[in-house]
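Me: I've just opened this one and I'd like to go through it slowly, in plain words. Let's start with a single residue and work outwards.

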Amino acid sequence: MSNYLRAGRFQLDLSETKIMGVLNCTPDSFSDGGHFVTPQAALERAAKMIDEGVDIIDVGAESTRPGSKAVSIEEELARLLPVVEVLVRDGRVPISIDTKKTAVMRAVLELGVDMINDVHGFEDDGALATAAASNCALCIMHMRGMPENMQTNTQYSDVVGEVERYLEERIISAEKAGVAQNRIIVDPGFGFGKNPSQNMMLIKQIASFVPALPKLIGVSRKSTIGYYLGDAPVEQRLHGSVTLAALGAWLGAAVVRVHDVKETGDALKMVKALKNSK
């Protein structure tokens, strides 16, 4: 597996786990919906994450929480474009866009974004061809169903094997479309059509999972954290989120997608210290 991910204007060194900071320009995301829905608030949040040491900023304008409804292309772009244009121009960190719509991908790639993070595995018509025609990185994620119904079917005979097979098939499709392997990172989809036990199994086996490619995990503040903390609400999941992100990094995750950048950064410094101890 290569230690580098080609992402638009950047080449990311993955020999140490990188932090992807979540920036939701949405009114209804499960954790911070409505906090950064105006361009000014979103840009202030992005600046704070950069100060805290974020490595990638992942901007989303359509909630993918369980039960959420899709928004129109026009609405998604209206939320995204004013923020993305400024962040790309800033140029200090790679900018990723969390979208599953080809039309949105085209619009943000024209602005020069560095990564597309697609919870639906680039299955939308034309998505792979659109990404292949750019030099962006692709984060290919597994999700069964769509956000509005993904938690209604969490039955697997072998969750790790089934998720891995899906991702391997999407990787083959991406490569056939012209995407070089050094532009691809995969995400098992923690919380997307899986129950708490299945989510933990995927993290536990992250090192052997799709071994040829780097892995991204997004565990931050999710309901599985709340489940194992005695049904803790979102605002009480910080310590569990940081702990699981650090353990995921220890087990082999190349990128952790988080809301709490500084706290996760401190935890990853301890992971690095432990790995480098003699």
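Me: So, R144: is it buried, exposed or something in between?
Reply: In this predicted model, R144 counts as partly exposed because its relative accessible area is 22%, where under 20% means buried, over 50% means exposed and partly exposed lies in between (1.4 Å probe, protein chains only).

Me: Before we go on, what should I keep in mind about the model itself?
Reply: Residues are numbered from 1 along each chain as its sequence is written, and side-chain values use heavy atoms, leaving out hydrogens and water. As the model is predicted, local features need pLDDT of at least 70 and side-chain atom pairs count only at pLDDT 80 or more, whereas totals for chains, interfaces and linings use all residues.

Me: OK, back to R144. Which residue does it form a salt bridge with?
Reply: The partner of R144 is E162, and their closest N and O atoms are 3.6 Å apart; a salt bridge needs a side-chain nitrogen of Lys or Arg within 4 Å of a carboxyl oxygen of Asp or Glu. R144 sits in the loop between β7 and α5 while E162 belongs to helix α5, so the bridge ties together parts that are 18 residues apart in sequence. Helices (H or I, at least four residues) and strands (E, at least two) are DSSP runs, numbered from the N terminus.

Me: And E162, buried or exposed?
Reply: Neither, because E162 has a relative accessible area of 22%, which puts it in the partly exposed group.

Me: What else is in that loop between β7 and α5?
Reply: H142 is found there, in the loop that runs between β7 (137-141) and α5 (159-176). H142 counts as buried, because its relative accessibility is 6%.

Me: What does the side chain of H142 make a polar contact with?
Reply: The side chain of H142 is joined to that of K194 by a polar contact of 2.7 Å. The term stands for a pair of N or O atoms within 3.5 Å where, within protein, one must be able to donate a hydrogen and the other to accept it, and residues adjacent in sequence count only if both atoms are side-chain atoms.

Me: Which residues does H142 touch?
Reply: If residues up to four places away in sequence are not counted, the residues touched by H142 include V119, Y156, V163, Y166, D187, F192 and K194, with contact meaning heavy atoms within 4.5 Å.

Me: Changing topic: how many salt bridges are there in the whole structure?
Reply: A search of the whole structure finds 13. One of them joins the side chains of D58 and R257, with an N to O distance of 2.8 Å. D58 lies in strand β4 (residues 56-60) and R257 in strand β10 (residues 255-258), so this bridge ties together parts of the chain that are 199 residues apart in sequence.

Me: Are D58 and R257 buried or exposed?
Reply: Both D58 and R257 are buried.

Me: What about K101, which residue does its side chain meet in a salt bridge?
Reply: K101 pairs with E76, at 2.7 Å from N to O. This pair links distant parts of the chain, 25 residues apart, with K101 in the loop between β5 (95-98) and α3 (102-111) and E76 in helix α2 (residues 73-90). K101 counts as buried because its relative accessibility is 13%, and E76 also counts as buried because its value is 0%.

Me: Which residues are linked with them in a network?
Reply: The network of salt bridges links E62, E76, K100 and K101.

Me: Next, the backbone: what is odd about phi of F122?
Reply: Phi of F122 is near 60°, which is a positive value in a residue other than glycine. F122 is placed in the loop between β6 (115-118) and α4 (127-132), and it counts as buried because its relative accessibility is 1%. V210 also has a positive phi, of about 40°, although it is not a glycine; V210 is in the loop between α6 (196-204) and β9 (216-217) and is buried, with a relative accessible area of 4%.

Me: Last one, how many helices and strands are there in the chain?
Reply: The protein chain has nine helices and 10 strands, and of its 278 residues 55% count as buried. Its C-alpha atoms fill a box of roughly 45 × 45 × 40 Å, taken along the principal axes. Among contacts between residues at least 6 apart in sequence, 67% join residues at least 24 apart.
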